[in-house]
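Work through the exercises below with the sequence and the structure in view. Try each task before you read its solution.

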Amino acid sequence: LSDKLDGAFKKLAGQATINEINIGIAMRDIKRALLGADVNYKVVKKLVEDVRQKSLGEGVIKSVSPAQMIVKIVSDELTELMGGEQKPLALSSSRLPAVVMVAGLQGSGKTTFAAKLAKRLKKSGRNPLLVAADVYRPAAVDQLKTLGAEVSVPVFSIEEKDAMKVAMQGLEAAKAGAHDVLIVDTAGRLQIDDAMMAEAEALKNALKPDELLFVVDSMMGQEAVNTAKAFNDRLDFDGVVLTKLDGDSRGGAALSIRHVVEKPIKFMSVGEKVDDLDQFYPDRMAQRILGMGDIVSFVEKAQESLDMEATLQMQKKLMKNEFDLNDFFDQLQQLKKMGSMQSLIEMVPGLNKMVPKQDLENLDFKPIEAIISSMTKEEKSRPEIINGSRRQRIALGSGTRVQDVNMLLKQFGEMKKMMRSVSKLSGNGRKITSQN
Ligand code: GDP
Ligand code: MG
């Protein structure tokens, strides 16, 4: 019993003392995670500053570790930085056909994406036509034809070296064939060059696409950002398609690109197969970038199960020296709820190092609860009146031994002392973990 109590006390006390340290550790881990995920250093710096600012004003639940709260704030911030909401494809319904044009470097995944998008649009009831306007490599046309056949979408192509002619004839063919969406695949080069940009620009001006999508390989890391900027400066595209997110890339490019070009990321490509396409959800990407497991739902669960009000009340009582066995009992209940979260904590790398290792779930609070339940109301609020005969009665009533009752009272006294000094010590510095 004594060991168990000891563990519980340590945990209660720990909550109050290691907050500032936790914040530092959390921020360091987060910084590392972001840099490791290829997020631009300047973006990381700005984010960390923003998060510090936000954390300060935030009402944080006492019983949740500050690290967890901060991670949640970071995750929200990342989501916001990547545009917040999912931005769907905006295709005109009045103009027929609506036009989607793709642009990007060679090998970024344009042709594959064009076919994937065609499949997706067809599935949603549209009647798309693919146009092979990559006129420089014969293989590119064949590739689109093969993919088109796979997704059962027709591909328009002609023997022609002028991409503009192909595109304009494709547009006519779409009208003639009652296609309501035209998807124009274009050529890319291995590097940004003026000829490619000029061609893309001309195609844009002629086709006036509803969506000009910039396709970029997420594995390119920082280089992806430079490319995005160059394309956007010249083409002012409407949205981004991030490809090859099935690889090692952790998606930091998403954050950096969004930050630099301020255009929504609309799709993410996660493989070579025609079904490997997802809409881009900033919140999911935020979690992926943090690479820390399902932190958000963890913190949300913590918020659900811990009663913020009760905790703040308790803190006040501590300051006023009114903390009694009733409050202690309530605290145990809170700890028990936390026990069910222990498994969650363990799944989160980084956090599991900050949260005490002991398994709360295995802590047996029953004898403690039994002892406290066997006390009268007065005994609970004024433990000092519990003399020898009262102790005997309580032990008998709770099915424990007098030594156990003694131990609990002694530990309670020590804990109260310890918590009070901790409470005083942290005073203002605790803004981040309590209500101002
Ligand atoms: P384009 O030159 O921009 O048209 O690029 P392609 O569509 O031809 O793609 C280049 C290569 O990348 C092909 O081998 C594709 O199969 C591959 N690819 C495209 N998208 C993805 C993706 O999301 N994941 C993976 N692993 N490979 C992809
Ligand atoms: Mg291609």
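The exercises treat a predicted model, starting with its ligand and ending with its backbone.

**Exercise 1. The residues around the ligand**

Task: Find which residues come nearest to ligand 1, and sort the shell by class.

Solution:
- Step 1. Start with the count: 16 residues surround ligand 1.
- Step 2. Pick out those that come nearest: G107, T111, T112, S269 and E272.
- Step 3. Sort the shell by class. Two residues are nonpolar, nine are polar and five are charged.
- Step 4. Look for the element with the largest share. Helix α5, residues 110-123, supplies four residues of the shell.

**Exercise 2. Polar contacts of the ligand**

Task: Take S108, T112 and D246 in turn. Which part of each residue, backbone or side chain, faces an atom of ligand 1?

Solution:
- Step 1. Set the cut-off: a polar contact is a pair of N or O atoms within 3.5 Å.
- Step 2. Check S108. A backbone N or O atom of S108 is 3.3 Å from an oxygen atom of ligand 1.
- Step 3. Check T112. Here an N or O atom of the side chain lies 2.5 Å from an oxygen atom of the ligand.
- Step 4. Check D246. An N or O atom in the D246 side chain is 2.7 Å from a nitrogen atom of ligand 1.
- Step 5. Add the cover. On its own, ligand 1 has 570 Å² of accessible area, and the protein covers 80% of it.

**Exercise 3. The largest pocket**

Task: Describe the largest pocket by its volume, its lining and its occupant.

Solution:
- Step 1. Give the volume. The largest pocket holds about 340 Å³ of space.
- Step 2. Turn to the lining. There are 21 lining residues, and G107, G109, T112, Q143 and K244 are the closest to the centre of the pocket.
- Step 3. Name the elements that give two or more residues to this lining: α5 and α6 (138-150). The most come from α5, with four residues.
- Step 4. Class the lining: two nonpolar, twelve polar and seven charged residues.
- Step 5. Place the occupant. Ligand 1 sits in this pocket.

**Exercise 4. Two backbone exceptions**

Task: What sets the backbone apart at P97 and at S152?

Solution:
- Step 1. Recall the rule: most peptide bonds are trans, and most residues other than glycine have a negative phi.
- Step 2. Test P97. The peptide bond from L96 to P97 is cis, with omega near -5°.
- Step 3. Locate P97. The loop between α4 (66-81) and β1 (98-103) contains P97.
- Step 4. Test S152. This residue is not a glycine, yet its phi is positive, at about 55°.
- Step 5. Locate S152. It is in the loop between α6 and β3 (155-156).

Note on methods. Residues are numbered from 1 along each chain as its sequence is written. Chains are lettered from A and ligands numbered from 1 in the order in which they are written. This is a predicted model: local features need pLDDT of at least 70, side-chain atom pairs count only at pLDDT 80 or more; totals for chains, interfaces and linings use all residues. Side-chain values use heavy atoms; hydrogens and water are left out. A residue is near a molecule or strand if one of its heavy atoms lies within 4 Å of it. A polar contact is a pair of N or O atoms within 3.5 Å; within protein, one must be able to donate a hydrogen and the other to accept it, and residues adjacent in sequence count only if both atoms are side-chain atoms. Accessible areas come from the Shrake-Rupley method with a 1.4 Å probe; for residues, only the protein chains shown count as cover. On a 1 Å grid over the protein atoms alone, a cavity is a set of points where a 1.4 Å probe fits but cannot get out, and a pocket is an open set with protein on both sides within 12 Å along at least five of seven lines; lining residues have an atom within 4 Å of a point. A molecule sits in a cavity or pocket if more than half of its atoms lie within 2 Å of its grid points. Ala, Val, Leu, Ile, Met, Phe, Trp, Tyr, Cys and Pro count as nonpolar, Asp, Glu, Lys and Arg as charged, and the others, Gly among them, as polar. Grid points are joined across faces, edges and corners, and a volume is the space filled by probe spheres set on the points.
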